[in-house]
Amino acid sequence: MGLLTIIRKMKQREKEMRILMLGLDNAGKTTILKRFNGESIDSVSPTLGFNIKTFEFKGARVALHGRVMLNVWDVGGQKSLRSYWRNYFEATEGLIWVVDSADKRRLDDCRRELHELVNTEKLFGASLLILANKQDLAGALSVEEIKEVLELEKISNRQWNVLSCSAMSGENLLEGIDWLVSDIGARMFMPD
């Protein structure tokens with residue numbers, strides 16, 4: 001019995017996934033995390049370190065039997081904190097990259113940071129969900145425009161998906177996490 005088989009069997013019993021949520025500051029990561037966890041979004045402060053939430057998820061597309069526990073790590077996106085992101089990469093199965101679709105002046109920064117992440121060895125194989133947030137704001141770029149600006153066609157070392165969303169209304173957040181959990185589950189909980 002190989003190591004990979006042992007790890008899969010352990011994960012199958014646990015059905016637990018580690019998700020890392022990153023993006024530039026003010027992209028809406030903490031608001032999204034609060035939405036996922038069913039918390040109020042009336043007051044959200046900038047994340048100066050990290051937030052961890054663990055919750056059960058049962059999505060429509062998830063072909064897993066039983067419950068899936070998600071450990072979601074929301075790490076601050078301020079420029080001074082980005083060098084610490086690598087401390088959270090270990091054992092990450094899914095990556096959520098949150099983009100402020102209305103902040104056109106920082107999209108080049110956003111693209112650079114994303115491409116640096118997806119080329120990091122410790123994150124190889126992690127499924128990537130890109131949430132084009134703040135679609136409820138005037139002037140927000142569409143999903144197609146986000147794909148182009150972020151040069152997503154260059155990302156070929158993993159599965160990825162882009163969804164428009166609004167952390168304020170909750171639009172497409174469940175669809176996004178459902179896709180991510182399903183994609184991770186297809187790799188982690190494969191039958192022997």
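The legends below accompany several close-up views of a predicted model of one protein chain.

**View 1. The whole chain, with its helices and strands.** The protein chain of this predicted model has five helices and six strands, and when it is read along the sequence these elements follow the pattern α-β-α-β-β-β-α-β-α-β-α. The chain has 192 residues, of which 51% count as buried. If one takes the contacts between residues at least 6 apart in sequence, 74% of them join residues at least 24 apart. The area that the chain exposes is about 9,900 Å², and carbon and sulfur atoms supply 50% of that area.

**View 2. Helix α2 and the elements that cover it.** Helix α2 spans residues 29–36 and is mostly covered, since seven of its eight residues are buried. The buried residues in α2 are K29, T30, T31, I32, L33, K34 and F36, a list in which the reader can find two lysines, K29 and K34. What covers these buried residues includes the strands β1 (16–22), β2 (50–57), β3 (68–75), β4 (94–100) and β5 (127–133), and the helix α5 also belongs to this cover. After α2 comes G38, a residue whose phi is positive, near 75 degrees.

**View 3. D183 in helix α5.** Helix α5 covers residues 173–188, and D183 is found in it. Is D183 buried or exposed? D183 has a relative accessible area of 11%, and because buried means under 20%, this residue counts as buried. When the neighbours of D183 within four places in sequence are left aside, the residues in contact with it are S127 and Q159.

**View 4. Two buried cysteines, C110 and C165.** C110 has a relative accessibility of 3% and therefore counts as buried, and C165, at 0% relative accessibility, counts as buried as well. How many disulfides does a search of the whole structure find? The search finds zero.

**View 5. The largest cavity and its lining.** The count comes to one cavity of 30 Å³ or more, and the space that lies in the largest cavity is about 60 Å³. The elements that give two or more residues to its lining are β4 and α3, the latter spanning residues 107–118. Strand β4 provides the largest share of this lining, namely three residues. The residues that line the largest cavity are L24, D25, A27, V98, V99, D100, D103, R106, L107 and C110, and the last of these, C110, is the buried cysteine of the previous view. Sorted by class, the lining has six nonpolar and four charged residues, with no polar ones.

**View 6. The largest pocket and the residues around its centre.** About 420 Å³ of space lies in the largest pocket. The pocket is lined by 23 residues, and those that lie nearest its centre are N26, A27, G28, T31 and V44. Which element gives the largest share of the lining of this pocket? Helix α2 does, with three residues. T31, one of the residues nearest the centre of the pocket, is also one of the buried residues in α2. A27, likewise among those nearest the centre of the pocket, appears in the lining of the largest cavity too. By class, the residues that line the pocket divide into 11 polar, eight nonpolar and four charged.

Conventions. Residues are numbered from 1 along each chain as its sequence is written. This is a predicted model: local features need pLDDT of at least 70, side-chain atom pairs count only at pLDDT 80 or more; totals for chains, interfaces and linings use all residues. Side-chain values use heavy atoms; hydrogens and water are left out. Helices (H or I, at least four residues) and strands (E, at least two) are DSSP runs, numbered from the N terminus. Buried means under 20% relative accessible area, exposed over 50%, partly exposed in between (1.4 Å probe, protein chains only). Contact means heavy atoms within 4.5 Å. Accessible areas come from the Shrake-Rupley method with a 1.4 Å probe; for residues, only the protein chains shown count as cover. A disulfide is a pair of cysteine sulfur atoms within 2.5 Å. On a 1 Å grid over the protein atoms alone, a cavity is a set of points where a 1.4 Å probe fits but cannot get out, and a pocket is an open set with protein on both sides within 12 Å along at least five of seven lines; lining residues have an atom within 4 Å of a point. Grid points are joined across faces, edges and corners, and a volume is the space filled by probe spheres set on the points. Ala, Val, Leu, Ile, Met, Phe, Trp, Tyr, Cys and Pro count as nonpolar, Asp, Glu, Lys and Arg as charged, and the others, Gly among them, as polar.
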